[in-house]
Amino acid sequence: MSTLTTPSKEKKRKSYASNQEVRWCPGCGDYTILKQVQTLLPTLGVEPENIAFVAGIGCSSRFPYYMDTYGIHGIHGRAPAIATGLKTSRPDLSVWVITGDGDGLSIGGNHLIHSLRRNIDLNILLFNNEIYGLTKGQYSPTSQKGHISKSSPQGSLDNPFNPLSLALGSRGTFLARTMDRDPKHLQKMLERSYQHKGTSLLEIYQNCIVFNDGAFEPYTNKATRNKTSLYLQQDQPLLFGENNRYGVRLDGLKPVVVDLQEEEVSADELWIHDESDKTKAWLLTTFFENNFKDNLLPRPFGVLYSEQIPTYEEQLQIQIEQAKERHGKPDLEKLLKGNDTWVVR
Amino acid sequence: MSVIEKHKKVVTVRFSGDSGDGIQLTGSQFSNTTALSGNDLSTFPDYPAEIRAPAGSVHGVSAFQINFGSQRIHTPGDSCDVLVVMNAAALKANITSLKPGGIIIANMDGFGKKDLALARYDKTSDPLGDAKKSGFQLIKIDVTKLTRESLKDTGLSTKEMDRSKNMFVLGVVYWLYNRPLDPTIEFLTSKFKSKPEIAEANIKAMKDGYSFAIATEVFSERYTIEAAPIEPGSYRNITGNDAVVLAIASAAQTSDLPVFLGSYPITPASEILHGLSKLKHYGITTFQAEDEIAAITSAIGASYGGSIGVTSSSGPGVALKSEAIALATMLELPLVIINVQRAGPSTGLPTKTEQSDLFQALYGRAGDCPVAVLAARSPADCYAMTYEACKIAVEHMIPVIMLSDGYIANGAEPWKLPEVKDLYAIKPPLYRPAENGSDASPFFPYSRNEDFVRPWAIPGNKKTIHRIGGLEKEDQTGNISYDPDNHQHMTRMREEKRDAIAKKIPLQTIDEGPDQGPLLVVGWGSTYGSIKSAIMEAREEGYAVSFTHLKYLSPLPLNLGDLLSRFDKILVPEINNGQLIHVLRDTYQVQVEGFNKVRGQPLKVHELKAAIIEEFS
């Protein structure tokens, strides 16, 4: 982390921190995310008074209170909808949505998918810890099937959501994944999310040290992460493992892991990452099931998909301009009169 | 045989037919022409919930009733003098609305064997014959045949010609009431600007209907209704939902604030979303949300950003918004919630009226959650009360629920146009300190003025950066606080803020009758017209009854308790199972009786009048 924050950077970071005491559990992954957001914001050239953080309910949703920017701590699941009203009416603001797997995918799932399809310029940070933390440890919509929790003593029966497949199915225009334990990558992904014009969904694997500690251990543990995590880079082949020992190539539409030490595979036979390729993005989001074991697909981190299309609020502005052109200045008297009036003398 | 010309004071006409017969258009044209002729009037459309129920079936019947006269009119009329029926199903569905001895104008082409079967009349029955035997006057017209005959040279297909049947009938009724055809001719010409052949066909059918009535002398009488004594001024016809739209546009102008409407389509409130969607050039943004919750929470987000946040819905939709109304109460942001009530609970009777969401508006939230509640009394009053709702929401930083209902939302009446320059100002408590000023004093988002209202500081100002949220906030700073005394204090502040609105609203006045006496009738919302008519009739018959009508339900007018105490008995008519009655008992410890009907319809004047008279026995 020391590489990310120099003394002057630290001073700037603190200018985005509110005077409120941060009250997450010691060791919570949320601290890293907060720190990286506070570190990034001063570098973006946008003043704190033009930034708003909007959150729902849950551990992560306390986030706005800790930022010295404008902010709303809303109600459970509704942050994307609150943010939609704010951004649509105030396109000049940089609006960030802080949500979790319960808030964003369970009670607020509807708002998440609809904001994605509308492509409002919101930066949605989905803190995924695969558990309900604030209500003290029930399984969440991203918990692994069979998860033992207070409300599932014999194991949960629900199949978990695949959040990025869901987001792509909702016509999301920017999908990325990162993790709390890799602050450098996290900050890079935060920056990419900010830069994207349109709804960006950044799924952040975030460790809940109290109720679901180690949920992402396979991707964060030094001994295993090389084999389980794949860091996507634009125009680069899909490589992972120690010394990039493994690659992924496409056999038709089937991704296949190849051991580059064992097999003769040339670089151009490997899958080259292209963020703008929606078909490949679909396949990348499916690198999701049972991929902890040898020879199975690694979990991709980075920008899976990015597409630049007009945002909702840009198109709305065009309609407003068109209405002004067509109807001229507001004339309340004329509006009240309507088409058929009569005079009583 | 010559036609006898008669003068009438009040007439009620009901047009009815299949949903595809253009009944609503016929009714609204008749209304416009009637208004232009100087009568006072009140109208009510009665259409089926199904978009296209099977043609010719009873539940596919659409109706439109208009009550008009040379005197003041307060309701669309309990029953009608003239019933137009385009088919057998329309007769079956509406015959009970016709006064004894009333006139039935029947399209005979809608009474064939097939039509009788579709209307579920017995094969061998003769419903029109039976109606005549029961004393109704029957005017038989082969509307379909005559319309086809009228339009045979137009080159239109039979199907197209049949679409003008309603205009033929309208022509007949125009003759019956001595009305000019010009307003409808102008309307048709403009409506079918791009299809002049359709405009011409409709105009010809109407003119031929008018001529048919002259030539065939099917009527023995013809009526004239003189203009009513109406306050001088410019008027238009307006429905409640249209009035809401205009009020919101007016508030945007006078407050100089943008408006953000978040809404989800629901009967009978959708016209508000439709109407405001056309007014983007008035600084109005409309957002059709994914659900009721997103509709209101998006409005809350916009309010935080400096817009007047508005959401429009009906009872079941408002239920879904409860938690967000509580959030806005906690955030202390302006928010206007329009509830166009319908018959409930649950999906209930979506197209039918009721005023059963008063409890929901007053109490339907978690926690102690005081909001302001207003109710409009008529279609035109929806303008005044929605404007008032915007003003209170903005100036007091509080959610305001404006209660309308299906009856006044769709019903129409003449509305005296307000002078734009006379609209009272809306002054938002915006706080925008100079950003480069030397003043370094900290900003307190939860400080309050003398009305307990906090400052509205919108994003973009360096000096007022702050966070708000649904967690209890510390007095002044707005920081999260779990302090017991602080919660007690803030709970009281929210209530006192709501109560302080009472100082700004008009004192309650007596609408009819003396200000003390044996009986006071207390109404609220859309029952105004029915109660007013019943009271006036009862008073004409010598009963010493008084009437007052509430438009402010939370907070209540400061003098209401005193006003109520001056009467021996209080009667509260409501289209619900008894709600205001509990509020009055609870607030003022007075004895109150209820008159409650929940039939999905406005109160019947004659029933209410009987109940009033009963109080004197």
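This tour moves from chain B as a whole to its contact with chain A, then to strands of chain A and a helix pair of chain B. The model is a predicted one.

**Chain B as a whole**

Begin by selecting chain B and displaying its C-alpha trace. Along its principal axes, the trace spans about 90 × 60 × 45 Å. Its radius of gyration is 27 Å, which agrees with the value near 25 Å that a compact globule of 617 residues would have. Switching to a cartoon brings up the secondary structure of chain B, which comes to 21 helices and 22 strands. Of the 617 residues in this chain, 54% count as buried. Among contacts in chain B between residues at least 6 apart in sequence, 76% join residues at least 24 apart.

**The side of chain B that touches chain A**

Next, show both chains and select the residues in contact between them: 58 residues of chain B meet 50 residues of chain A. On the chain B side, the elements giving two or more residues include helix H1 (23–36), helix H10 (240–255), helix H12 (292–304) and helix H13 (315–331) of chain B. Strands of chain B also take part, namely E9 (233–239), E10 (259–263), E11 (284–288) and E17 (467–469). Which element provides the largest share of this side? Select H12(B), from which nine residues come, the largest share. Colouring the chain B side by residue class gives 28 nonpolar, 22 polar and eight charged residues.

Now narrow the selection to E17(B) together with strand E2 (residues 70–73) of chain A. These two strands run parallel and are joined by three bridges. For a single pair to label, take A:His73, which stands opposite B:Gly469 in E17(B).

**A covered strand in chain A**

Select strand E3 (residues 94–100) of chain A. Are its residues mostly covered or uncovered? Strand E3(A) is mostly covered, with seven of its seven residues buried. Side chains in a regular strand alternate between the two faces of the sheet, and both faces of E3(A) can be inspected in turn. On one side lie A:Ser94, A:Trp96, A:Ile98 and A:Gly100, and on the other A:Val95, A:Val97 and A:Thr99, all of them buried.

Add strand E1 (residues 51–55) of chain A, which runs parallel to E3(A) and is joined to it by five bridges. Here A:Ala55 stands opposite A:Ile98. Then add strand E4 (residues 122–128) of chain A, also parallel to E3(A), with six bridges between the two. In this pairing A:Gly100 faces A:Phe127 of E4(A).

**A three-stranded sheet in chain A**

Move on to the open sheet of chain A with the order E8-E9-E10, whose strands pair antiparallel. Strand E8 (239–240) and strand E10 (254–259) stand at the edges, each with a single partner strand, so one side of each has no neighbour in the sheet. Zoom in on E8(A) and strand E9 (residues 246–251) of chain A, which two bridges join in antiparallel fashion. A:Leu239 stands opposite A:Gly247 there.

**A helix crossing in chain B**

Finally, return to chain B and select helix H5 (residues 143–150) and helix H7 (residues 165–176). Their axes come within 9 Å and cross at roughly 100°, which makes H5(B) roughly perpendicular to H7(B). Show side chains for B:Val143, B:Thr144, B:Leu146, B:Thr147 and B:Ser150 of H5(B), and for B:Lys165, B:Phe168 and B:Val169 of H7(B), which make the contact. By class, the residues of this contact are four nonpolar, three polar and one charged.

Notes
Residues are numbered from 1 along each chain as its sequence is written. Chains are lettered from A and ligands numbered from 1 in the order in which they are written. This is a predicted model: local features need pLDDT of at least 70, side-chain atom pairs count only at pLDDT 80 or more; totals for chains, interfaces and linings use all residues. Helices (H or I, at least four residues) and strands (E, at least two) are DSSP runs, numbered from the N terminus. The radius of gyration is taken over C-alpha atoms; the globule rule is 2.2 Å times the number of residues to the power 0.38. A residue is buried if 20 or more other C-beta atoms lie within 10 Å of its own, exposed if 12 or fewer, and partly exposed in between; C-beta atoms are placed from the backbone. Two residues are in contact if their C-beta atoms, placed from the backbone, lie within 7 Å. Ala, Val, Leu, Ile, Met, Phe, Trp, Tyr, Cys and Pro count as nonpolar, Asp, Glu, Lys and Arg as charged, and the others, Gly among them, as polar. Two strands pair if DSSP finds at least two bridges between them. Axes are lines fitted to C-alpha atoms, for helices over the stretch in contact, and angles run from 0 to 180 degrees between N-to-C directions. Angles under 35 degrees count as roughly parallel, over 145 as roughly antiparallel, 65 to 115 as roughly perpendicular and the rest as oblique.
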